[in-house]
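These are my notebook entries on a single chain. I set down what I looked up, entry by entry.

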Amino acid sequence: MEIKKITYYLLLLLVIILVITTIPPLNANYVYGATINEKEPNNSTSTANSLPLTTIMNGRMYSTQTGGIGGKIDYDYFYFSVPNAGKLSFKLDLPASTSTKNGPEVKILDYKGDDYISFATYMYNQNKTYDQIYLKPGKYYIVLTGQEYDTAFWGKYYSLTLNHTPANAEQEYNNDKSNANFINIGTRYYASLLWGYNDPNGYYGNDYDTDYFYFNLNKKSPINITIKQSTKSTSSGEPMDISLFNYRGDRIYSGALKNYKSATVIKTNTLSNGRYYIEFLGRPKYDYMHPYSVRIDTAPKMTKITKLKKGKKKLTIWWKKISNVTKYQIAYKQKGKSWKYKTVSKSKSKVTIKKLKSKKKYYIKVRSYSTYNGSKNYSKWSKTKTIKTN
């Protein structure tokens, strides 16, 4: 009987020891649920752990891991797959701390193991979500690295979770015209200038990123380019630069985007039909990336006046309805006078203008406009017609 009791207690003690040694210690920010634990060694792409999207990975940054600089740095590699174009975000839980010391350096690599983006984290950002990383479908690696000269994170535990949201988004590497991303007119696209980006052409150095997009105009039209930024472009205050080129490479527009708190709208003159390229260039803040969005809008089609009817001190105008417009604007005047305007909703195809002069000749024309983010893009005016009131 005594032997059975001793055996029982020895087995119970063995189970307790196994549990203590396999479960990471608790801290205020640790999240438990559907989790998996890091399996060392995972110091390279060939030994990377699988990290499915939305799964919590519990890991530890060891202080003495072979293969690091001086044997002091641990490299934790995880691989994941993105099913379609969109935004990647990851949540990094670090131990509770008020330290201003560095946390792990984070890198995202493409399927070949080449650097895609890298940035630093900090110990006081204990439960932070990093987003605005836009990826095309495929396999990627995320790497957490200890830092040789900053030991604050050595031996610490962390948890890492990846999420993905489908979106009309940039697909790297779009750093030159030959790799430019196609964007549809009238659709908003999301992108980021990446810090630590390895520019294959070496034009600007590793602190800069260049993004190219192209669009096609099927007809002559002025365009509106709407850019929204959520942060300042650089730590040194340099604005993000934008250029517009035609298919021959002629620069049509260039400027600096200084307004990062609201949208910037660039209006062009009428452009010929054909292919155009937009270039964004900037150096983001050193610890993150610079997110922005871009949308191209063309002017609506020109409408035409289909009927005029005169009345006593009034006129009624009919016009052809146009799709994808916000409102119509009717202009009228007497000869030698200034134009007056009346605006009606897109559901209307006629309007009556009252309180006019009796038995006077009036000039009439109509145009439409579309609105995005408060900016109006006007069509050409219709052919001007005349009519005399009763």
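**Entry: Pro41.** I located Pro41 in the loop between β1 (35-37) and β2. I then read the peptide bond from Glu40 to Pro41, which is cis, with omega near -5°. The model is a predicted one, and I read the entries below with that in mind.

**Entry: the pairing of β2, β4 and β9.** I followed the chain from that loop into strand β2 (residues 49-50), which pairs with β4 in the parallel sense over 2 bridges. Asn49 has Phe78 in β4 as its bridge partner. I next looked up β4 and β9, which run antiparallel and are joined by 8 bridges. In this pairing Tyr79 stands opposite Tyr141 of β9.

**Entry: the chain as a whole.** I noted 1 helix and 27 strands. The chain has 390 residues, of which 44% count as buried. Among contacts with a separation of 6 or more, 72% are between residues 24 or more positions apart.

**Entry: nonpolar cores.** Which residues have the most contacts inside the largest nonpolar core? I found Phe90, Ile142 and Leu160, in a core of 27 residues. The elements that give two or more residues to this core are β4 (75-82), β5 (86-93), β6 (102-109), β7 (115-122), β8 (127-135), β9 (138-145) and β10 (157-166). I listed the contacts of Phe90, leaving aside neighbours within four places in sequence: Val106, Phe119, Lys128, Thr129, Tyr130, Ile133, Ile142, Leu160, Thr161 and Leu162. Apart from this core I recorded another, of 22 residues, which includes Ile183, Ala191, Leu244 and Val294.

**Entry: the largest pocket.** I read the space in the largest pocket as about 490 Å³. Its lining has 24 residues, and Ile185, Thr298, Ala299, Pro300 and Asn324 are the closest to the centre. Two or more lining residues come from each of β13 (209-217), β14 (223-229), β19 (289-298), β25 (361-372) and β26 (375-378). I sorted the lining by class into 6 nonpolar, 14 polar and 4 charged residues.

**Entry: the hairpin of β20 and β21.** I found strand β20 (residues 305-311) and strand β21 (residues 314-319) running antiparallel, joined by 6 bridges. Gly311 has Lys314 of β21 as its bridge partner. The hairpin has 2 residues between the strands, and Lys313 takes a positive phi near 60° there.

**Entry: the surroundings of Lys313.** Is Lys313 buried, exposed or partly exposed? Its relative accessible area is 42%, and because that value lies between 20% and 50%, I entered Lys313 as partly exposed. Not counting residues up to four places away in sequence, Lys313 touches Ile353, Lys354, Lys355, Leu356, Lys357, Ser358, Thr389 and Asn390. I also noted that Lys313 and Ser358 are 45 residues apart in sequence, yet 4.9 Å apart in space, C-alpha to C-alpha.

**Entry: the loop between β24 and β25.** I turned next to Lys355, which lies in the loop between β24 (350-353) and β25. Lys355 has a positive phi, near 60°, and is a residue other than glycine. Its relative accessibility is 84%, so Lys355 counts as exposed, the cut-off being over 50%. I placed Lys359 in the loop between β24 and β25 as well. Phi of Lys359 is positive, near 55°. I entered Lys359 as exposed, with a relative accessible area of 60%.

Technical notes:
Residues numbered from 1 in each chain as written. Predicted model: local features only at pLDDT ≥ 70, side-chain atom pairs only at ≥ 80, totals over all residues. Heavy atoms only, no water. Core = buried A, V, L, I, M, F, W, Y, C linked by side-chain atoms within 4.5 Å. Buried < 20%, exposed > 50% of the residue type's maximum accessible area, 1.4 Å probe, protein only. Helix = DSSP H or I, 4+ residues; strand = E, 2+ residues; numbered from the N terminus. Contact = heavy atoms within 4.5 Å. 1 Å grid on protein atoms, 1.4 Å probe; cavity = no way out; pocket = protein on both sides within 12 Å on 5 of 7 lines; lining within 4 Å. Points joined across faces, edges and corners; volume = space filled by probe spheres on them. Nonpolar A, V, L, I, M, F, W, Y, C, P; charged D, E, K, R; others polar. Pairing = 2+ DSSP bridges.
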